[in-house]
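Biologist: I would like a close look at a single part of this model, with the cut-offs stated. Please keep the answer plain.

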There are 2 protein chains.
Amino acid sequence: MDVEYQTDHAASRIAAAIGEPARARMLYCLMDSHARTSTELAVVADVSPSTASVHLNRLTTERLVKVLVQGKHRYYSLEGPEVARVLEGLSVLAGGSGDKFVPNTPNRLRAARTCYDHIAGTLGVSLHDRLKTMGWLTANGDESYELTPAGSRAFEALGIDVEETHMLRRRFAFGCLDWSERRSHLGGALGAVLLKLALKKKWVVQDLDSRALRVTSFGRREMGSRFGMEV
Amino acid sequence: MDVEYQTDHAASRIAAAIGEPARARMLYCLMDSHARTSTELAVVADVSPSTASVHLNRLTTERLVKVLVQGKHRYYSLEGPEVARVLEGLSVLAGGSGDKFVPNTPNRLRAARTCYDHIAGTLGVSLHDRLKTMGWLTANGDESYELTPAGSRAFEALGIDVEETHMLRRRFAFGCLDWSERRSHLGGALGAVLLKLALKKKWVVQDLDSRALRVTSFGRREMGSRFGMEV
DNA sequence: TCCATACTTTGATCGTAAACGAAGTGTGTT
DNA sequence: AACACACTTCGTTTACGATCAAAGTATGGA
């Protein structure tokens, strides 16, 4: 009854669940936080619907994805941000130790992409850094972030309900490690609401069925002036 | 030649390497940063030497462990801190979503243990928090930490060569998420040197062949007065 | 009511990889 | 030299899990 063993075992089960190509394709596809049906994921994973069903069942019991039943559709999405973080971490390991060149990482994905439901890539990292140097965002213990009074005012001015964002049953804000940049971008509820805003204001547009984000020329100007940065 | 696919695939290979019980036992055993020989790991993983050899070969080619050949011994250890972070991340996921009770997590491991080469558990989290509230440690962008001038003086006074620690080819300090506490403890070169100090000064002693740390009564007094906390 | 759609379950097949013992390689010791 | 020890490579067995087609269940619409 060694408990260390239990931990190992449970973790290894999780890893094994991720470590099957078809399931991995599903999981990484869901990193854009878009919920997808079983059949859609079957196409993504390149397996038959029945096989996809088995895989999704396993991912659900391992608590890597959750399912929302709506009529005859089943919408699958990642269980939570922790799952996305582990997937990102694995990408970091897979990305080679830096010396191994991965030159053909598409600039589109490097530049701006979604990580789970927030903005990653160089854009995400720049935003993150600007928010901190402008004193809008501050780190407190345990790597969580808080908005400063100035930051709260600024976000409210952008049309974000900070109070409401705090209410969400989810970590408010934290630094999420970026696999391409190896730096942090803004994660958590605040990161999610910021991406939503950027999409609504058409600062960025989302490629269909891809994690890539495209910064519009309007967005370039707007974000440049609002956050004082070159995009 | 979809590149997104490459990432998925590589990450899934890594996960699969972790997702085999025997290999997971080896990896989690190496989390205490103690290098071990092939035969020792065979015992830990509960497989024959030949099987262990194959597993270790795979872990090496996947760059999860590295090997140091010394005479007729081969010393295996984790490839780096990033690997340890992924393993901790998987533990977080395996730890159940909080609502699922896991009452039999041993207090020994909760209280104080090593995470790779730094202090984790409640002790690690307390230390981390104290260092920050005392203003010795400060967070700058990308979730990295820096020592304040006061912090540098304090660490020097403890007999730590801060300059030298900075020189190490490794991230200086950062918040490492703790699976049992779900809060951060101090990771990186500074975390490693702090653990080394605590061991040298006999503030804590290390159980042989386990990640558990025991706080000595001397250590309780010393750390209490030096960092102003209850241990 | 009946059919179409969305998805799951069942059952059978197949391939991979995990396991071990035995034999092989290399390194220290006498 | 000869032997002991640490570890790997080889060859074989075995077991598990990934796969699909076909049949089954549930929901929505005609």
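Which atom of DNA strand D lies 3.3 Å from a polar side-chain atom of Ser50(A)? Please go on from there to the rest of the surface near DNA strand D.

Modeller: This is a predicted model, in which local features need pLDDT of at least 70, side-chain atom pairs count only at pLDDT 80 or more, and totals for chains, interfaces and linings use all residues. Residues are numbered from 1 along each chain as its sequence is written, chains are lettered from A and ligands numbered from 1 in the order in which they are written, and side-chain values use heavy atoms, with hydrogens and water left out.

The partner of Ser50(A) is a base nitrogen of DNA strand D. A polar contact here is a pair of N or O atoms within 3.5 Å; within protein, one must be able to donate a hydrogen and the other to accept it, and residues adjacent in sequence count only if both atoms are side-chain atoms. Two other contacts go to phosphate oxygens: an N or O atom in the side chain of Thr51(A) is 2.7 Å from one of DNA strand D, and a polar side-chain atom of Ser38(B) lies 3.2 Å from a phosphate oxygen of that strand.

Elements that give two or more residues to this surface are α4 (49–61) of chain A and, from chain B, α3 (38–45), α4 (49–61) and β3 (73–78). Helices (H or I, at least four residues) and strands (E, at least two) are DSSP runs, numbered from the N terminus. With four residues, α4(A) supplies the largest share of the surface near DNA strand D.

There are 20 residues around DNA strand D, and those that come nearest are Thr51(A), His55(A), Thr39(B), Ser53(B) and Tyr76(B). A residue is near a strand if one of its heavy atoms lies within 4 Å of it. Sorted by class, the surface has 11 polar, six charged and three nonpolar residues; Ala, Val, Leu, Ile, Met, Phe, Trp, Tyr, Cys and Pro count as nonpolar, Asp, Glu, Lys and Arg as charged, and the others, Gly among them, as polar.

On the DNA side, sugar or phosphate accounts for 79% of the atoms of DNA strand D within 4 Å of the protein, and bases for the rest. The contact of Ser50(A) is with a base nitrogen, whereas those of Thr51(A) and Ser38(B) are with phosphate oxygens.
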